[in-house]
Amino acid sequence: MEFHIDKAKVLPKSNFRLFLEGLKNFGVLIAPKKKKEKFFFDVIDDTSEVEVDYTRTILPPKKFLIPYRRERFSYDVETLEFKDNFTPENQVIFGIHSCDLHGISILDSVYLKENPDPRYLEVRKRTVLIGLSCKPDDFCFCLSTGTAFPDGTNWDLFLTDIGSDYFVTIGSPKGDEIVISLKGLFREITKEDLSLYKKSTSQKKFLFNLDKLPDLGRISQVIELEYDSEVWEEEAKKCLGCGTCTNVCPTCFCYTAVDIPDLNGKKISRVEFTTSCQYPYYSLVAGGHYFKPKRSARFKHRYYHKFVGYSYQIEKLGCVGCGRCSAECPAKISMVETIKKLRGVEDEKELREAFNETSTD
Ligand code: SF4
Ligand code: SF4
């Protein structure tokens with residue numbers, strides 16, 4: 001039996017390639033691809049290359065909103081004529097997992113709430129976001145950060161795998177427009193579809209190893225209280241200061257800028273590029289003073305910003321539990337394990353057993 005829910009449709013998987021082709025009418029199609037066992041978001045010409053079965057990409061889709069390197073403007077030294085070569089195109093980013101949608105929501109808060117960045121605003125206006133359900137691995141902890149499901153504020157369509165079909169929820173007028181324009185590819189949902197969707201979303205939590213997830217209750221307070229903990233020194237001893245953790249993070253947004261002259265010195269380009277609070281020179285200011293000369297201070301700063309600073313800045317945690325910083329860290333430093341050490345809890349199972357023993361005494 002079919003029934004009508006305006007904000008949900010079903011996309012049979014047999015129509016999936018046609019759906020991807022149809023998305024190209026709305027802008028440059030960007031989606032996950034696979035290369036040597038790793039996944040990455042890239043521009044898609046051939047839709048057979050799109051990978052739906054992936055856990056995480058090396059870099060988040062953020063790179064299509066804030067490029068890692070970009071020219072802000074250039075100017076002629078003699079005439080002082082300025083040129084801005086910024087020409088954003090419409091783009092459709094398909095296959096974004098819930099944690100990364102939350103990551104984009106954090107970037108939106110940072111870049112658009114106070115003093116909106118006109119470039120970011122223009123790119124966001126031209127970007128369609130299409131989410132995709134996922135299965136966690138041992139690095140994921142989005143269940144603890146409350147980001148395992150999209151919260152309905154910044155995406156256009158969200159596809160949930162329900163077996164031989166996708167259950168498609170519509171999150172914006174743009175999402176409606178896409179569904180209407182490709183309506184031959186969708187069908188109305190049935191009670192069975194709805195029940196499969198509810199089952200699939202309710203069961204997601206069982207895909208996590210619940211004993212390994214960090215408890216993030218009162219995390220801001222824990223980080224503040226452990227400001228002088230020896231855990232920072234211990235963990236920072238392993239850290240190489242390479243900045244990989246911040247470069248792969250969907251919520252890190254720091255960048256720096258330099259003026260680069262061309263070879264004849266006539267044209268100067270103002271180039272912005274992302275940087276990392278883990279680099280020593282990051283805290284260098286005029287006069288040669290380093291605010292954070294010690295690696296342990298820089299190491300602590302990242303946790304402090306994610307779990308304390310963002311709460312003041314945007315009233316949310318700055319971490320969406322994607323697990324990239326731990327999965328990609330060459331020193332194998334785990335954010336979850338560091339948090340557990342700070343809480344004084346390294347093994348949830350042991351803690352529960354100890355509690356059960358004392359409560360039955
Ligand atoms: S990725 Fe690991 S080693 Fe590199 S700066 Fe981050 S914590 Fe340190
Ligand atoms: S801090 Fe680590 S786990 Fe959290 S959002 Fe950034 S990369 Fe993901």
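**Exercise 1.** Is Tyr290 buried, partly exposed or exposed, and what is its relative accessible area?

*Solution.* Before we start, note that this is a predicted model, in which local features need pLDDT of at least 70, side-chain atom pairs count only at pLDDT 80 or more, and totals for chains, interfaces and linings use all residues. Residues are numbered from 1 along each chain as its sequence is written, chains are lettered from A and ligands numbered from 1 in the order in which they are written, and side-chain values use heavy atoms, with hydrogens and water left out.

Step 1: find the residue. Tyr290 belongs to strand E13 (residues 289–290). Helices (H or I, at least four residues) and strands (E, at least two) are DSSP runs, numbered from the N terminus.

Step 2: apply the cut-offs. Buried means under 20% relative accessible area, exposed over 50%, and partly exposed in between (1.4 Å probe, protein chains only). With a relative accessible area of 37%, Tyr290 is partly exposed.

Step 3: look at its companions. Together with Tyr281 and Leu284, Tyr290 makes a nonpolar surface patch with about 290 Å² of accessible area. Such areas come from the Shrake-Rupley method with a 1.4 Å probe, and for residues only the protein chains shown count as cover. Patches are made of residues with over 30% relative accessible area and no salt bridge; like charges are joined within 9 Å, and nonpolar side chains (Val, Leu, Ile, Met, Phe, Trp, Tyr) within 5 Å.

**Exercise 2.** Work out in what order the 4 strands of the open sheet stand, and which strands are at the edges.

*Solution.* Step 1: write down the order. The sheet runs E5-E4-E11-E10, with antiparallel pairing.

Step 2: find the edges. E5 (82–83) and E10 each have a single partner strand, so one side of each is left without a neighbour in the sheet.

Step 3: go through the pairs; two strands pair if DSSP finds at least two bridges between them. E4 and E5 are joined by 2 bridges, with Ser74 partnered by Lys83 in E5. Between E4 (residues 69–76) and E11 (residues 267–274) there are 7 bridges, and Asp76 has Lys267 as its partner in E11. E10 (residues 255–261) and E11 also pair over 7 bridges; here Asp259 stands opposite Arg270.

Step 4: inspect the turn. E10 and E11 form a hairpin with 5 residues between them, and Gly265 in the turn has a positive phi of about 75°.

**Exercise 3.** Find out which residues in the loop between E2 and E3 have a positive phi.

*Solution.* Step 1: recall the background. Most residues other than glycine have a negative phi.

Step 2: look at Lys36. This residue sits in the loop between strand E2 (28–35) and strand E3 (38–43), and its phi is near 45°. Lys36 is exposed, at 76% relative accessible area.

Step 3: look at Glu37. Also in the loop between E2 and E3, Glu37 has a positive phi of about 65°. Its relative accessibility is 64%, so Glu37 counts as exposed.

**Exercise 4.** Compare the shells around the two ligands by residue class.

*Solution.* Step 1: set the rules. A residue is near a molecule if one of its heavy atoms lies within 4 Å of it. Ala, Val, Leu, Ile, Met, Phe, Trp, Tyr, Cys and Pro count as nonpolar, Asp, Glu, Lys and Arg as charged, and the others, Gly among them, as polar.

Step 2: take ligand 1. Its surroundings include Cys239, Cys242, Cys245 and Cys329. The shell divides into 8 nonpolar, 4 polar and no charged residues.

Step 3: take ligand 2. Among the residues around it are Cys249, Cys319, Cys322 and Cys325, as well as Lys306 and Arg324. This shell has 8 nonpolar, 2 polar and 2 charged residues.

**Exercise 5.** Trace three salt bridges and say which parts of the chain they link.

*Solution.* Step 1: know the rule. A salt bridge is a side-chain nitrogen of Lys or Arg within 4 Å of a carboxyl oxygen of Asp or Glu. The count comes to 24.

Step 2: begin with Asp176 and Lys7, at 2.7 Å, N to O. Asp176 is in helix H5 and Lys7 in the segment before strand E1 (8–12), 169 residues apart.

Step 3: continue with Arg119 and Asp84, whose closest N and O atoms are 2.8 Å apart. Arg119 lies in helix H3 (residues 118–125) and Asp84 in the loop between E5 and strand E6 (91–96), 35 residues apart. Arg119 is buried, with a relative accessible area of 11%.

Step 4: finish with Lys294 and Glu233, at 2.9 Å between the closest N and O atoms. Lys294 is in the loop between E13 and helix H10 (295–314) and Glu233 in helix H8 (residues 231–238), so the pair ties together parts 61 residues apart in sequence.
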